[in-house]
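Reader: Could you walk me through how to read pockets and a sheet in a model like this one?
Author: Sure, let's put it up first.

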Amino acid sequence: MTLSTLKRVRRVPEWKVREVEELLNLIKRYKVVGLADLQGLPCAQMQEIRRKLRGRAVIRVSKNTLIKRAVEKVDGMENRDVFIKYLRGPNALILTNMKPFELYL
């Protein structure tokens, strides 16, 4: 290998690999995967949402690129491109087996 080749090869940090695998496992485990925009959401309101969904849903905040990589690995995911399009700014995944409208309420 030449020096220029070595400079281009980047090693992915282990925590990122683990995070993508964990996100992938969560997405596969639950029927409903929602994306919540956290831009401008007060911390107290986020805590209230977590409290209301405790035991009924998993809320996971992660980097958008890691969420995108996990979503790309899911086989047969409907509307994958639409989902990825909304990965802008701070986001959280909401994963549940509840009906989507029940989650919305």
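**Pockets and sheet**

Author: Lining residues of the second largest pocket divide into 14 nonpolar, 1 polar and 4 charged (Ala, Val, Leu, Ile, Met, Phe, Trp, Tyr, Cys and Pro count as nonpolar, Asp, Glu, Lys and Arg as charged, the others, Gly among them, as polar). This is a predicted model, where local features need pLDDT of at least 70, side-chain atom pairs count only at pLDDT 80 or more, and totals for chains, interfaces and linings use all residues. Residues are numbered from 1 along each chain as its sequence is written, and side-chain values use heavy atoms, with hydrogens and water left out.

Reader: What counts as a pocket, and which residues lie nearest the centre of the second largest one?
Author: On a 1 Å grid over the protein atoms alone, a pocket is an open set of points where a 1.4 Å probe fits, with protein on both sides within 12 Å along at least five of seven lines; lining residues have an atom within 4 Å of a point. Here Ile49, Leu53, Ile94, Leu103 and Tyr104 lie nearest the centre, out of 19 lining residues.

Reader: And which residues lie nearest the centre of the largest pocket?
Author: Those are Val33, Gly34, Met77, Glu78 and Phe83, among 20 lining residues. That lining divides into 11 nonpolar, 4 polar and 5 charged.

Reader: How do I read the sheet order?
Author: Strands of a sheet pair through backbone hydrogen bonds, either parallel or antiparallel. In this open sheet, 3 strands take the order 1-3-2 with antiparallel pairing (strands are DSSP runs of E, at least two residues, numbered from the N terminus; two pair if DSSP finds at least two bridges between them). Strand 1 and strand 2 (57-61) are at the edges with a single partner strand each, so one side of each has no neighbour in the sheet.

Methods
Helices (H or I, at least four residues) and strands (E, at least two) are DSSP runs, numbered from the N terminus.
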